[in-house]
Structures are given as C-alpha cells and as structure tokens.
Amino acid sequence: KSIAHKHGEAAPGRTVTQLVWTGPSDNLEETVTAVHANGDFTVFAGDGSMVVAEITGGDADIKMASWDAAKRHFTTVAADGSVKRSSNWGSEETVFEQLFTVDPPIITAQLNQDRTKLMAAGRNNPARVYSMEDGKLLWRERNCIDKRLKIPRRQWYAASQWLPHQALKRELIYSGTSDGRIRIHDPEKRRKPIFDTRITKLAKVSLPHQGQELSENDYSATTAIAAKSKWLLVANTFGAVKRFDVSRVLELDERPQIRVRQHGALQHIMGSVKCLAMHPSGNYVGAVGYGRHAYVYKTSGRCPQIAKVYLKQKLTAMLFSADYHLSDGVNPRKFITTEEEENASDGAASEYSCGQESSDSEEEEDDMDDDKEDIELGSEDADTDSEDGDEDEDEDEDED
C-alpha cells in the first residue's frame, strides 16, 4: 500500500516475480523472460543487453511460470487457479490458451520433471496433484490432526518443489508453510505427509507486547525452498536459510518414513529471503530478498559464502546460468561487496572514465555451526495414523 501511495497504483504491477530461461532447446539461455505481477512479460536477450519483446494479456498474480524448450510452450498458473499455455512465445502472435482450472486460492504450484503432473496448494487449500493432459484430480492431501490441540493443522502453503528421491526412486513433494513447517509428501503411497514438523520458532523480535495476542504474522514463515540431490534448503522471513539432509529413509510396513538431519545454516544473510535459486549442477545456491543483497554459497562442506553483491533494490527473483562456476585459485572474497563499497565505486565511475576495482572486503566469514540436529517424524505425527485409523480413511473415500 505504501508503494502504491508513493508511486501510483500501477507501480506494484511492474514488480518482477519470476525469471525463466526461454531459449530454444539447443541454447536455453538465448533469452530470459521476466514475469511481472500484473500479468505482463518482458523478454530480454540472454545477457540482458536488450529487450526482445513485450507481451501482455497474461493473468495477474502468476504463481508459476514454466518453459518447455522442446515444444516451445510457456505454462502459467495464476492465484485464481487458471492454468494457461501459450504458443509462439516472444512473437506478436503470442496467444494464451486456457487448459483447465484448479481449486483456488493458489500460493504455490510446481510441475514435475516430465511435465505430466501439476502440484498446487494455497492458504487453507490442501495440496493437490492434477494431470496436465485433462486437468483430472489425481491426488489430494489428507491433513494431520495436532495431537495436543486435537484439531487439524493449518494448511497455509508458501513454497513447494518436486524432487526425485534417491532411495525411493520416485518423485516427492517438498513444501513449506506460512507457520514455519516443512512437509514431505509421497503421492504414490499415501495421502498424509511422510514428514511434517515445525523447524522455525517465534523470533524474539516478533513476540507481542503484554496484553496482545499472537497473530499469523508472528510466525517465522517459510518463503522459499530449493532442493537438489539429497539437500533441502528452506528460507524464512527472518533471513535464516537452513540445510537438511533428506536422503535417509526408513521403510515401515511399505510406508516410508524420512529421517531429516539438519546440517547447519547459511550465514551472513540479512532480511527476508524471497527466492532460493539452485545451480543446475547442484554445486551452488543463491539467495535474494528484501536485504538488497545477492548471495551465492557452495552446497558442499560447510556451505561457504563465495559471493555477496549489494544491488540497491529489494530483490524478488534470481536465476542461475549453467556456465556459472568459481575457477580454481580465485579468492571468493573478491566478489563480496558492501553497500559502502558499491556507492564508492559508483562515485568513482561517474567522476573518472574508468574507475578502479574496489578492494576486497575485509569482513571475516564465521564458521558454520557444528551442531547438527536430528529432526525425525515425531510421535505426534505417528500417532495420528493410529488414531485416525481406517475410519478416517473410509470417511475420506466417501467425501471424495
């Protein structure tokens, strides 16, 4: 509201919410498309040097944008549940075709790797899986009962991602909620989550004053998820990015149970994280958000920070190039710049025709915490299966 009051009603609509490579299959990074909040699209050259096309006519508040390089189709899912596909992308003949509609409201949506299934979920909207061919409902989540409160847990989804599990040999759904929980679903085996627990607690700065009640905003909400191989990274509104190992699986009566082990967190991140981007190789992960910095970390070892750049604006999207890599022998701290150094370099560039390269940052990188925390599927989740039993299964079948 403050942005609209200061810059006019049209200003928030130009916010870039997603970045997608939209080149041909032989050169995917030939062009990149920026998705705006008002439903417009801007197609840039791969290096960002020029605008290739401006496309209008899309749905407002797009939650998912995916590019099929083989068929040259651009698929979008909006908050109102409309699923559309466009052909002739990047030309004047770009037309959006309505495929089907999913149950709104939608906060997060993702396609699986072979692009045959669509997972969609939202606020008070359970996770569902649809067929991309005809929009048929294939799977619907069944919520767990909180053992202490004896009421269903809130289904406020904020981020999700499909990822093939190495041990189970099938795709699982990793998702985060607005109240700081992570859930892992196995759509092929069961409707309840195979892992569900809260990983973030109330922050000290968000504790209410005396006499006030806790609201939904007092929780450290999950804002972004990135997964590759055995690693799951989860970010929240307070700038914390935690790393989990999800490779261990316990098979119990043909019902898998995942043991999640925490391996520290990414350091030196300021402000709410809006996007986590994983490199195609899985060796690097990037984070951007309201702290106005872009961060890059290695996913191996203790996840050292190899780049930190001040970009002056609040950031909402990030995209990795497949060619990005850190050469051997290069000092990672060379790419770490602060706000003061960025302003100083801008002043030197405006005063002289060729400014000097800024000096290396002298801030030291703290070692990652060696404490490793085991988070397992608790008794509260395990008991829900025995409490609900076959009666709830029969009731759900009748409802469906």
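Trainee: Let's start with the aromatic residues: are Phe41 and Trp89 buried or exposed?

Mentor: Happy to begin there, and keep in mind that this is a predicted model. Buried means under 20% relative accessible area. By that cut-off Phe41 and Trp89 get the same label, and for both residues it is buried.

Trainee: What kind of aromatic pair do Phe41 and Trp89 form?

Mentor: A pair of aromatic rings is described by the distance of the centres and the angle of the planes. For Phe41 and Trp89 the centres lie 5.1 Å apart and the planes stand at 80°. Planes over 60 degrees apart count as edge-to-face. The pair of Phe41 and Trp89 is therefore edge-to-face.

Trainee: How many residues apart are Phe41 and Trp89?

Mentor: Phe41 belongs to strand 3, while Trp89 sits in the loop between strand 7 and strand 8. The pair thus links distant parts of the chain, and the separation is 48 residues.

Trainee: And what about Trp67 and Phe74: why is that pair called tilted?

Mentor: Good one to compare. The ring centres of Trp67 and Phe74 are 6.4 Å apart, within the 6.5 Å limit for a pair. Their planes meet at 45°, which is neither under 30 degrees nor over 60, so the pair is tilted.

Trainee: What is the relative accessible area of Phe74?

Mentor: Its partner Trp67 has a relative accessible area of 9% and is buried. Phe74 is buried as well, with a value of 0%.

Trainee: Which residues form one aromatic cluster?

Mentor: The structure holds 7 aromatic pairs, among them the two we have just discussed. The four residues of those two pairs belong to one cluster together with Phe96. The cluster is Phe41, Trp67, Phe74, Trp89 and Phe96.

Trainee: Now the sheets: in which open sheet order do strand 3 and strand 4 appear?

Mentor: Strand 3 (residues 41-45) runs antiparallel to strand 4, joined by 4 bridges. In that pairing, Phe44 has Val51 as its bridge partner. Strand 1 (16-21) and strand 4 (51-55) are the edge strands, each pairing on one side only. The order of this antiparallel sheet is 1-2-3-4.

Trainee: Why do strand 5 and strand 8 each have one side without a neighbour in their sheet?

Mentor: Another open, antiparallel sheet has the order 5-6-7-8. Strand 5 (62-68) and strand 8 (95-101) stand at its edges, so one side of each is left without a neighbour; the reason is that each has a single partner strand.

Trainee: Which residue stands opposite Arg85?

Mentor: Strand 7 (residues 82-87) pairs with strand 8 in the antiparallel sense over 6 bridges. Looking across to strand 8, the residue facing Arg85 is Glu97.

Trainee: Which residue takes a positive phi in the hairpin of strand 17 and strand 18?

Mentor: Strand 17 (residues 222-228) has 6 of its 7 residues buried. Antiparallel to strand 17 runs strand 18 (residues 231-236), joined by 6 bridges, with Ala224 opposite Ala235. There are 2 residues between the strands, and the one with a positive phi, near 55°, is Ser229.

Trainee: Which charged residue sits over the ring of Trp231?

Mentor: A charge sits over a ring if, for instance, CZ of Arg is within 6 Å of the ring centre and within 35 degrees of the ring normal. Over Trp231 the charged end lies 4.2 Å from the ring centre, and the residue is Arg243.

Technical notes: Residues are numbered from 1 along each chain as its sequence is written. This is a predicted model: local features need pLDDT of at least 70, side-chain atom pairs count only at pLDDT 80 or more; totals for chains, interfaces and linings use all residues. Side-chain values use heavy atoms; hydrogens and water are left out. Two strands pair if DSSP finds at least two bridges between them. Buried means under 20% relative accessible area, exposed over 50%, partly exposed in between (1.4 Å probe, protein chains only). Rings of Phe, Tyr and Trp (its six-membered ring) pair if their centres lie within 6.5 Å; planes under 30 degrees apart count as stacked, over 60 as edge-to-face and the rest as tilted.
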